[in-house]
Amino acid sequence: MTSLTPAKDILPPPTERSTVLGWMKKNLFGSIGDTILTFVAGGLLLWLIFAIVNWILTKAQWAAVTDNLQLYMKGQYPASEDWRLWLLMFLLALIVGMAWGIFLKRAEAVGWVLLIIPVVLAVWLITLHRESWWRFLVVDILAMLGYFLGKRYPKKLARPTYILLLLYMPLVILVVRGFGENGFMKLVGTNLWGGLLLSLLLAVFGIVFSFPIGVLLALGRQSKMPALKTLSVIYIELIRGVPLITLLFMGQLMLPFFLPAGITIDRVIRAVVAIIMFAAAYMAENVRGGLQSIPKGQYEAADVIGLSGWQKMVFIILPQALRAVIPVLVGQFIGLFKDTSLVALVGLLDLLGIARGILANPSYIGRQLEVFAFIAMIYWVFSYGMSYASGRLETTLGVGER
Amino acid sequence: MTFKKSDHGAVPFWRDERYLQIIAQVVVVAALLVLGYWLVHNLLTGLEALGTPLSFKFLGLTSQFDIGESMIEYSRNSTYTQALLVGLLNTIKVSFLGIVFATIFGIIVGIARLSKNWLVNKLATIYVETLRNIPLLVFLIFLSTSVFHKLPRVKDALSAWGWAFLTNRGIYIVWPQPSGGWDVYKWFLLGSFIIGFIVAAIKFREGRRTGRMPLYWLWGFVVFALLAAVSWFIAQFMAGQPMYLDFPSLQGRNFKGGKSLTPEFMAIFTGLVIYTSAFIAEVVRAGIQSVSKGQREAATAVGLSGFQTMRLVIFPQAMRVIIPPMTSQYLNLTKNSSLAIAVGYPDLFAVGSTIINQAGRAVEIILVTMGVYLTFSLLTALFMNWYNKHTQLVER
């Protein structure tokens, strides 16, 4: 036993090499093939970065973007009524802040990013010498205020927050549209809605209204009643089998015929109807996935405690099914937001429509790259932001783990 | 425990769930029928009042408009039906090529996303996350207006070693053209293909029997390639060179020879390929990741090489997860090809909307277009059902 190494001479176990060189050896130059791949990929990346930076520094002219910021954001919406949109934004910031404080309770990294975006926008507006920059800061302040209030009084504020969230959508429609011929909150026709405002409204309307229809269709497809089941299947497969653009054209060209003579429907509403019809079919399939994931025991347990068919669905099955499909629904919402760009093809002035309109202006001739880069970035920020936030929410709330 | 009926009396039919369900269904169906009748009635009377009652007879009339590119004989004297057929063929062409190339790129990017090489991995992630989060339509219009229509003019075309020329009028690439010996050679080619196929089938059988699956498709391909190469010289000896490479060249004001691809086609094609490949990459990645780690470790433990592990263990299992979402991506690509209207490529929908503008027959054309797309997806659905049954049988 004397040949044992004395304890002081025993070396500590080798640790994972965490030097920069070690990391590079492991992740970039593991083998010859890896090394070649690294050089090819690195070359591609450098070339890409060089091309983009070179373009931004030497060729890009952003006048087509900076001159028309108002148009991109809200189309022809009258400037005198801007305060209504800002009011809605302030309210949204407050609600989101409160919900964050009540349900998440922690300032996640996503939260900081969300708070930084308005600051960046404000700074950008200052460099462009616009006066409205301070409003972005108000958004931030309200969001933080909501967060601290929610964190401080989670019990008291939970119910009002729910109610505000539910009321927010109808409120948006009411405030954006307005009422009365003139004066306070005067009517702003849908022909004046445009830009990002219209894109977002279309997506929100689409998802909010298609949701109940989709749930009903999913239940219909799962039901044991043959007529309802057949009808649901026919509707879902019919809609999912055709491109959205044909439905939009149908809405624009055929819908007027379906209604009795003399009744005309506004173009935006026609597009919204098409989008809702389209989204409902996909929503139904997503919800069906959730319904199928509920174990049979849940149905049987509900039967045993004597719940009626509707009670069983509303109190036992749907809450679990919908909870299971939240990630999929977020994905669908993102898809819908991107799909709203198709309304530009039927002549509505959403973000893409406005961009095409601006490019038609002779003074911005040949500035396609700048304009499309700008609107693609807006779409990207919203879509990626939503998918990232939902991913974080899933891990925080443990959705899909139960 | 049993209830005696006589103790409680029969349930009145208005509280009996079975009757209630029937009544509910009858009410719903009746309401839908009334609604449908009302809508269709409005439609028919409305069209009547406009002087264009619902009928498909106009499809036989002369179209009187030109179509930029067509795979069949077409002129402005052709009928609307022929115009729609041209559009349909163009849709099929761009969808088919799009599916093939999107699959190839998608698999490459999907595997790159799983690469242990940090740089490759991140590059693939950026590719996927950028494309998945911008609308296809924005991407398509961008490609059309700022890439393919921004290429240099014909006289200072970008040349790729004389094999391809990029201009704003289109892209011209070198293309094989049949010549003298082709008539003989095509039969040789067919024969080589059949023999290659038979060899692959034999090798596949052998693999099934012995349990050591050879690379049967590689066997088949090599046999085919060898036979094709040998018969090339035989055909050349018998009847002259079967094919020659037709290089595009500037003649007068435009390029002649080779294969020309219009900027419109290139925009919709590359747009669909790049956009869909990002989604396919995610499908492939999810499929490969769905195979449990133990499978990979077990394969390594029994001494399979990396490539063998992929081919014999991971891939067959991943396929089962990959195929269903992959078909739905193919279907999406086909449906998304209707956005060709935004870049001016005459697909089915674009031709249809030209006819709507010209003949004012919106209802009929929309019905025809929807019917065609619906047929595509129903065929795909049928295939999917067949495939699911097939794999289930194989499974256990």
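## A walk through the two-chain model

Start by selecting A:F211: in helix α9 of chain A there is a kink of about 35 degrees at this residue, shortly before the proline A:P212. Keep in mind as you look around that this is a predicted model.

Now widen the selection to the whole of α9(A), residues 195-222. Does its length come out as expected or not, and why? At 1.5 Å a residue, its 28 residues should span 40 Å, and the end C-alpha atoms are 40 Å apart, so the two agree.

Next, zoom out to chain A as a whole. You will find 17 helices and zero strands, and the C-alpha trace spans about 105 × 70 × 50 Å along its principal axes. Of the 402 residues in this chain, 29% are buried. If you count contacts in chain A with a separation of 6 or more, 74% of them join residues 24 or more positions apart.

For a helix with a buried stretch, pick α5(A), residues 82-104. Its 23 residues should span 33 Å at 1.5 Å a residue, and the 32 Å between its end C-alpha atoms agrees with that. Colour A:A93, A:L94, A:I95, A:V96, A:G97, A:M98, A:W100, A:G101 and A:I102, which are buried. What covers them? Show α6 (109-127), α7 (134-152) and α8 (154-177) of chain A, which are among the covering elements. Then step just past the end of α5(A) to A:K105, where phi is positive, near 65 degrees.

Time to bring in the partner. Display both chains and look where they meet: 45 residues of chain A are in contact with 44 residues of chain B. On the chain A side, the elements giving two or more residues are α2 (32-59), α10 (226-240), α11 (244-258) and α17 (368-397). Select α17(A) for the largest share, nine residues. Colouring this side of chain A by class gives 33 nonpolar, nine polar and three charged residues. For the complex, the predictor reports an ipTM of 0.86 and a pTM of 0.86.

Finish on chain B, colouring by confidence: the average pLDDT is 85, and 96% of the residues score at least 70. Then recolour chain B by domain, with domain 1 at 5-50, domain 2 at 80-171 + 264-395 and domain 3 at 175-246. How far apart do the C-alpha centres of domain 1 and domain 3 of chain B lie? Place a centre on each, and the distance is 63 Å.

Technical notes: Residues numbered from 1 in each chain as written. Chains lettered and ligands numbered in written order. Predicted model: local features only at pLDDT ≥ 70, side-chain atom pairs only at ≥ 80, totals over all residues. Helix = DSSP H or I, 4+ residues; strand = E, 2+ residues; numbered from the N terminus. Expected span 1.5 Å × (residues − 1). Bend = angle between axes of the 7 residues up to and from the residue. Domains from an automatic or database assignment. Buried ≥ 20, exposed ≤ 12 C-beta atoms within 10 Å, placed from the backbone. Contact = placed C-beta atoms within 7 Å. Nonpolar A, V, L, I, M, F, W, Y, C, P; charged D, E, K, R; others polar. pLDDT = per-residue confidence, 0-100.
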